[in-house]
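The following exercises concern salt bridges, cysteines and strand pairing. Each task is followed by a solution in steps.

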Amino acid sequence: MSRETLQWLNDNTLIGFTDKRGTAWHYRATLQNAEPNHYPGAIPVEDVKRRLFGWQALSHPIYVEHPVTGGLAQVPDRQAILRSDTGHVMGIFSNGYQPHPYVEWLIDTIARLLDDDLSIGSAGLLRGGAVAWVSVEVPDNVVTPEGVEFRPHLFGATSFDGSLATTLKRAVTNVVCDNTMAAGLAEHGQQVKIKHSKNSRLRLAQARDALNIVHQVADDFTQQVRLLCQTTVTDRQWAAFLNTHVPIPEEPGRARTLAETKRDALQQLWRHDSRVAPWAGTGWGVLQAVNTHTHHG
């Protein structure tokens with residue numbers, strides 16, 4: 001489910017609005033410290049700053065041992081980005097690389113973009129602190145006329161290891177770990193990316209226009225759900241979809257066993273699971289079956 005350990009996710013992610021959507025998949029009461037990382041409502045901004053972002057990304061020169069003298073020689077045009085609290089080396093870059101501090105780029109910038117009625121729904125650190133995200137959401141779930149419930153949000157993500165430009169994106173995926181962050185980044189929708197260069201800066205007016213902010217997500221996604229729910233999928237079409245999505249190898253063996261197991265799981269979701277079965281017979285049901293199996297199966 002994640003490249004991170006359960007202990008890391010319980011220590012270095014904050015999950016809000018659990019009264020609306022329950023706990024994250026990685027929640028373990030036995031791994032919680034005296035201060036739990038789950039919140040029934042919005043996550044206070046100061047908690048994110050204190051519990052996750054209470055350190056600095058420092059630039060340090062890089063030295064190598066001289067093969068003759070044994071002394072240290074500085075590597076030209078190179079810098080290492082370190083955590084100020086642990087000394088963990090998060091990345092090595094040219095001197096043109098400019099770190100984007102998490103508080104400035106993931107909290108302060110988003111706060112300037114958004115309306116006052118939006119709150120932090122999740123935040124986290126990944127890869128030893130080299131990657132981070134902050135998600136802001138509407139206070140209440142949105143329910144479509146077809147009974148589909150979701151939470152539109154805007155999330156920001158960035159890195160100190162070169163894996164990710166600073167990205168602001170509209171999404172509906174509930175970001176709680178590395179896999180769900182990747183799923184949110186992969187969603188089709190407006191986004192703004194800013195490179196880590198010394199001349200990088202965010203023009204807020206352009207970002208607002210590009211993102212159309214969170215409330216538009218609800219309207220767009222509701223329309224997509226309506227169209228998919230109006231798309232009929234017969235039993236014959238569902239069977240044809242399974243044959244294409246999970247073909248059964250002719251030869252017996254491990255590959256065939258895995259395919260049969262996956263098809264059985266999708267059939268179970270389609271017929272009996274409350275996350276999928278209410279929309280069986282529609283395009284939304286197909287999408288929901290595959291997504292549910294991908295993230296939870």
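**Exercise 1.** Determine whether Glu35 is buried, partly exposed or exposed, and find its salt-bridge partner.

Solution. Step 1: Glu35 has a relative accessibility of 32% and therefore counts as partly exposed (buried means under 20% relative accessible area, exposed over 50%, and partly exposed in between, with a 1.4 Å probe and protein chains only). The model is predicted: local features need pLDDT of at least 70, side-chain atom pairs count only at pLDDT 80 or more, and totals for chains, interfaces and linings use all residues. Residues are numbered from 1 along each chain as its sequence is written, and side-chain values use heavy atoms, with hydrogens and water left out.

Step 2: The partner of Glu35 is Arg51, with the closest N and O atoms 3.7 Å apart; a salt bridge requires a side-chain nitrogen of Lys or Arg within 4 Å of a carboxyl oxygen of Asp or Glu.

Step 3: Glu35 belongs to the loop between helix 2 (18-21) and helix 3 (45-51), whereas Arg51 is in helix 3, so the salt bridge ties together parts that are 16 residues apart in sequence. Helices (H or I, at least four residues) and strands (E, at least two) are DSSP runs, numbered from the N terminus. Arg51 is partly exposed, at 21%.

**Exercise 2.** Describe the salt bridge between Arg50 and Asp47, and that between Arg275 and Asp273.

Solution. Step 1: Arg50 and Asp47 meet at 3.4 Å, N to O. They are 3 residues apart in helix 3, so about one helical turn separates them. Asp47 is buried, with a relative accessible area of 15%.

Step 2: In the pair Arg275 and Asp273, the N to O distance is 2.9 Å. Arg275 is partly exposed at 37%, while Asp273 is buried at 18%.

Step 3: Glu35, Asp47, Arg50 and Arg51 are joined into one network by salt bridges that share partners. The structure holds 10 salt bridges.

**Exercise 3.** State how many disulfides a search of the whole structure finds.

Solution. The search finds 0 disulfides, a disulfide being a pair of cysteine sulfur atoms within 2.5 Å. Cys177 is buried at 1% relative accessible area, and Cys229 is buried at 16%.

**Exercise 4.** Which strands are the edge strands of the open sheet with the order 2-3-4?

Solution. Step 1: The open sheet has 3 strands in antiparallel pairing; two strands pair if DSSP finds at least two bridges between them.

Step 2: Strand 2 (57-65) and strand 4 (89-93) are the edge strands, each pairing on one side only.

Step 3: Strand 3 (residues 72-83) pairs with strand 4 over 4 bridges, in the antiparallel sense. Ile81 stands opposite Gly91 in strand 4.
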